[in-house]
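Subject: Structure handover

Hello,

Here is the structure for you to look through. Please open it next to this email and follow along.

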Amino acid sequence: MRLGFYSAVPFIREPTFILLISGAFVWLLLTEALQSHIKRPKRAWLKFLLQEGPGSGLWKGWSLLFQFTMDWLQFFFLHPVSLYQGAAFPFALLFNYLCIMDSFSTHARYSFLLAGGGALALAAMGPLAVLVFTPALCAVVLMHSLSPRDVHRWAFVFQMSWQTLCHLGLHYTEYYLQEPPSTRFCITLSSLMLLTQRVTSLSLDICEGRVEAASGGIRSGSSSLAEHLCKVLPYCSYLLFFPGLLGGPLCSFQRFQAHVQGSSNLCPRHSLWALSWRGLQILGLECLKGVMRGVLSAGAGLTDCRQLQCIHVMWCTAGLFKLTYYSHWVLDDALLRAAGFGSPGEEGYIPDADIWTLETTHRIALFTRKWNQSTAQWLRRLIFQRSRAWPLLQTFAFSAWWHGLHPGQVFGFLCWALMVEADYLIHTFANLSIRSWPTQLLYRALTWAHTQLIIAYIMLAVEVRSLSSLWLLCNSYNSAFPAVYCILLFLLMKGKHKFN
């Protein structure tokens with residue numbers, strides 16, 4: 001009997017589902033148009049309106065208001081990822097609302113998240129979205145074709161090989177062609193790195209027996225098309241769901257499945273307050289970024305700074321990088337919460353941004369655990385806990401590989417590993433040696449400043465792309481701060497048996 005696609009997948013005929021998917025594509029097309037307009041010169045809109053519109057004062061007033069609005073849009077959506085995340089926000093709220101109202105079936109929920117991810121990928125990446133769709137599809141095939149014992153090894157090898165090839169393309173563009181990579185390609189690589197997290201997390205869950213996979217399901221011919229599609233739909237939806245496609249903390253497959261299959265337990269009033277608070281955080285962080293840009297533009301740069309002035313330049317530049325990360329993490333967290341995938345106090349939910357701890361800690365090891373927390377937990381589970389020798393070094397080496405193996409990243413992450421090892425020994429020795437309260441207070445103040453300066457040094461090393469900039473950083477006075485920890489590490493390693 002001939003089985004049509006619509007009869008095989010009945011949930012795509014639901015009116016709510018069809019309406020939402022159609023609206024998603026229209027909204028993302030409008031977002032793409034808005035992004036192209038924001039990229040126009042700053043006064044182009046005002047000039048266009050004054051030339052094309054009537055010459056009345058009222059029209060000029062509306063033109064100035066429109067110009068002011070576009071300037072604010074350019075200020076808050078300067079990064080393309082922020083624009084696309086903002087465009088996905090209404091659909092995340094709508095998805096959560098429909099889940100609360102129980103307005104469409106579980107399969108329709110999975111399909112909506114998957115279709116939204118596909119539409120968002122096409123809008124943000126264009127034709128390069130195939131670089132994300134291909135490994136996601138191959139990962140699903142591997143998970144349903146291999147035994148649970150073998151699935152993690154093959155999924156890990158394939159995913160990291162695919163990601164490395166894409167990063168080599170970035171290296172070819174930056175270092176051989178000496179050309180800046182396109183924005184779409186950078187967004188694609190970022191999404192691919194997040195996809196690697198979800199693929200390896202899911203394959204580990206299958207390997208450890210936390211998630212059941214239908215091994216051999218694709219090879220068996222007894223199942224119908226509808227059964228095959230329904231079986232792989234949750235996995236495809238998890239790998240490409242739109243709230244986590246371009247950013248956000250890692251969500252485990254069990255928590256993702258529980259949220260999709262169950263009704264949201266978020267109180268609308270509490271959810272509105274949480275999202276409003278995150279909006280105020282983003283506003284404050286963006287204003288601080290503007291102030292920091294002004295400070296950096298008014299002074300010397302890393303290439304023309306002199307002696308101790310380079311320390312101030314390094315601190316301010318790293319501060320701008322951290323504010324950018326914080327802003328993106330808060331926006332990504334807000335999008336996941338809007339879709340119902342994160343709530344305060346929920347077990348297993350780890351937000352990426354713990355700004356207070358990051359800015360006040362005097363321990364490099366604690367900063368490392370709190371910086372991009374979900375990624376740190378993922379690296380700990382994937383590499384650190386499974387390594388038999390030198391787990392710390394292997395974890396940071398893999399992190400450099402996962403980030404792309406740029407020269408600055410290799411140097412920065414290896415330096416970071418040494419600083420964490422030194423941090424353990426230094427603070428263990430200090431806790432045994434320092435007894436008086438004033439001395440402890442002085443010690444915490446000095447180690448806080450030293451920790452922040454070392455983190456700033458590592459951050460600049462990781463973020464710079466050219467070897468010349470990395471060389472300037474290494475030859476500046478800033479290298480004294482990690483050098484002090486390296487010397488202390490060497491001295492304390494000799495006497496480790498005395499205070500281990």
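Why does L393 count as partly exposed? The relative accessibility of L393 is 41%. Partly exposed covers the range between under 20%, which is buried, and over 50%, which is exposed. So L393 falls in the middle class, at 41%. Keep in mind that this is a predicted model.

**The surface patch**

Now find L393 in the fold. It sits in helix α17, which covers residues 391-403. L393 also helps to make a nonpolar patch on the surface. Its partners there are W390, L405, V410 and L414. The patch has an area of about 490 Å².

**The cysteines**

Next, the sulfur atoms. A disulfide is a covalent bond between the sulfur atoms of two cysteines. How many disulfides does the count give? The count comes to one. It joins C305 to C310, with 2.1 Å from S to S. The link of C305 and C310 is right-handed, with 95° about the S-S bond. Both C305 and C310 are buried.

Look at two further cysteines as well. C138 has a relative accessible area of 27%, so it is partly exposed. C166 has a relative accessibility of 9%, so it counts as buried.

**The aromatic rings**

Last, the rings. A pair of aromatic rings is described by the distance of the centres and the angle of the planes. The structure holds 28 aromatic pairs. One of them is formed by Y110 and F256. Their centres are 6.0 Å apart, and the angle between the planes is 45°. This pair is tilted. It links distant parts of the chain, 146 residues apart. Y110 is in helix α6 (residues 106-125), and F256 is in helix α11 (residues 253-261). Are Y110 and F256 buried or exposed? Both are buried.

F256 also pairs with F341. Here the centres are 5.6 Å apart and the planes are at 10°, so the pair is stacked. The stacked class needs planes under 30 degrees apart. This pair links distant parts of the chain too: F256 in helix α11 and F341 in the loop between α13 (309-338) and α14 (355-360). The two residues are 85 apart along the chain. F341 is buried, as is F256.

Finally, step back to the cluster. Ring pairs link F95, Y110, F112, Y235, Y238, F241, F242, F253, F256 and F341 into it. Trace it from F256, which pairs with Y110 and with F341.

Best wishes

Key
Residues are numbered from 1 along each chain as its sequence is written. This is a predicted model: local features need pLDDT of at least 70, side-chain atom pairs count only at pLDDT 80 or more; totals for chains, interfaces and linings use all residues. Side-chain values use heavy atoms; hydrogens and water are left out. Patches are made of residues with over 30% relative accessible area and no salt bridge: like charges are joined within 9 Å, nonpolar side chains (Val, Leu, Ile, Met, Phe, Trp, Tyr) within 5 Å. Accessible areas come from the Shrake-Rupley method with a 1.4 Å probe; for residues, only the protein chains shown count as cover. A salt bridge is a side-chain nitrogen of Lys or Arg within 4 Å of a carboxyl oxygen of Asp or Glu. Helices (H or I, at least four residues) and strands (E, at least two) are DSSP runs, numbered from the N terminus. Buried means under 20% relative accessible area, exposed over 50%, partly exposed in between (1.4 Å probe, protein chains only). A disulfide is a pair of cysteine sulfur atoms within 2.5 Å. Rings of Phe, Tyr and Trp (its six-membered ring) pair if their centres lie within 6.5 Å; planes under 30 degrees apart count as stacked, over 60 as edge-to-face and the rest as tilted.
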